[in-house]
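Ready to explore a structure step by step? Take a look at the model below, then try each exercise before reading its solution.

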Amino acid sequence: MANPKITVIGSNMMDLITNINRMPRSGETIEAPDFDLGFGGKGANQAVAACKTGAEVVMVSRVGDGLFGREVIKNFDSHGIDTEYVKVVENTTSGVAPIFVDQDGNNRILIVKGANAHLKPEAIDQAKDKILNSDFILLQLEIPLETVYYAIEFGAENEIPVILNPAPAADLDFNYVKKASIFVPNETELETISGMPVDSLENIKKAAQSLLTKDLKKIIVTLGEKGSLLVSKEKTELIFAFKVDPKDTTGAGDAFIGSFATFYAESGDIIKAMKLANKYAAFSTLSTGTQKSFYTREEFEKEID
Ligand code: ADP
């Protein structure tokens, strides 16, 4: 069987992770015990998850013209992701996320969009030939909304199914969004977008079902340790999580969506793909870091044998 082909039109970020004892006050300089750099951004993370599970991935993204931009491209290349359309924006910084982690493990995160804000609809026209050759288009909301809408229309016109992860949550125009094939929010995003409570499974179901009235076709809500929920006109089905003892759940959503795209493209069976993606995402919580906590297909198959 040929490998699935997936195009990710989305963000990349460098995570600048500083472990702190406390935040400095204004004007104060203090020492922090530890620092780490990580490759992140929802688009990049999902591209890596799709690639590690066996898809051929084309990334459409923008980086800055400095050190971080070069490293981001090198990282994509090291995974075998097609970077022809990861372009450098002159005189612009790459997207960065300064993250401060305190001793209790609580995060304070700043997002500087940088070059990601320069991913305009023209980028889709430039990459047209490669996008037309893909089984799925994967989208998130860390790039300009006009580009997200343009990509959804492009997918609809060319019959390439679009998986839209509405993260971080934004005020969306459902005239565009309804043309996506699958809408994949987590609980918080569902709460913001539906304007309904998500404090129980019953309410989560109601909130997701309310989106059907906006003509969305299929909704998959990721529910952390509860698993994932499929809602469509035909059915509502909860797929239980794969039980693990998690160490770091950062990036679990990206692991789910990237791997789901591969598994769904392979089988065309949405429930089967959700079960596998639940497992793949659960394994990603067993070690720290984001992309580096994603299993290769080989590691994954060994675990589920
Ligand atoms: P996000 O990272 O966007 O908040 P979720 O927390 O919903 O996303 O997690 C995405 C998926 O990862 C879930 O649907 C589930 O399959 C898996 N997952 C997350 N946390 C756990 C956990 N504690 N145990 C098992 N699976 C988990």
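The exercises below move from single residues to the nonpolar cores and then to the ligand.

This is a predicted model, in which local features need pLDDT of at least 70 and side-chain atom pairs count only at pLDDT 80 or more, while totals for chains, interfaces and linings use all residues. Residues are numbered from 1 along each chain as its sequence is written, and side-chain values use heavy atoms, with hydrogens and water left out.

**Exercise 1.** Find the place of Ser-94 and decide whether Ser-94 is buried or exposed.

Step 1: Ser-94 sits in the loop between strand 5 (86-89) and strand 6 (96-101). Helices (H or I, at least four residues) and strands (E, at least two) are DSSP runs, numbered from the N terminus.

Step 2: The relative accessible area of Ser-94 is 4%, so Ser-94 is buried. Here buried means under 20% relative accessible area, exposed over 50%, and partly exposed in between (1.4 Å probe, protein chains only).

Step 3: Leaving aside neighbours within four places in sequence, the contacts of Ser-94 (heavy atoms within 4.5 Å) include Val-63, Phe-68, Gly-69 and Val-112. The Ser-94 side chain also reaches the backbone nitrogen of Gly-69 at 3.4 Å.

**Exercise 2.** Place Phe-242 and Glu-189, and compare how much of each is accessible.

Step 1: Phe-242 belongs to the loop between strand 13 (236-239) and helix 9, whereas Glu-189 is part of helix 7 (residues 187-194).

Step 2: With a relative accessible area of 32%, Phe-242 is partly exposed. Glu-189 has 9% and is therefore buried.

Step 3: Not counting residues up to four places away in sequence, Phe-242 touches Asn-278, Lys-279, Ala-282 and Phe-283. With the same exclusion, Glu-189 touches Asn-165, Pro-166, Ala-167, Ala-169 and Val-184.

Step 4: Phe-242 and Lys-279 are 37 residues apart along the chain, with 5.4 Å between their C-alpha atoms.

**Exercise 3.** Which residues have the most contacts inside the largest nonpolar core?

Step 1: A nonpolar core is a set of buried Ala, Val, Leu, Ile, Met, Phe, Trp, Tyr and Cys residues joined through side-chain atoms within 4.5 Å.

Step 2: The largest one has 46 residues, and Ile-163, Ile-220, Phe-260, Ile-270 and Met-274 have the most contacts inside it.

Step 3: Elements that each supply at least two residues of this core include strand 4 (56-64), helix 2 (67-79) and helix 10 (270-284). Helix 10 gives the most, with eight residues.

Step 4: Another core, of 40 residues, lies apart from this one, and Ile-9, Ile-143, Val-162 and Ala-208 are among its residues.

**Exercise 4.** How many residues surround the ligand, and which are the closest?

Step 1: The count is 16 residues, and the closest are Thr-222, Gly-224, Gly-227, Gly-253 and Asn-278. A residue counts as near if one of its heavy atoms lies within 4 Å of the molecule.

Step 2: A backbone N or O atom of Gly-224 lies 2.9 Å from a ligand oxygen atom. For a polar backbone atom of Gly-227, the distance to an oxygen atom of the ligand is 2.8 Å.

Step 3: The ligand has 550 Å² of accessible area on its own, and the protein covers 83% of that. These areas come from the Shrake-Rupley method with a 1.4 Å probe.

Step 4: Helix 9 and helix 10 are the elements that give two or more residues to the shell around the ligand.

Notes. Polar contact = N/O pair within 3.5 Å; in protein donor to acceptor, adjacent residues only side chain to side chain.
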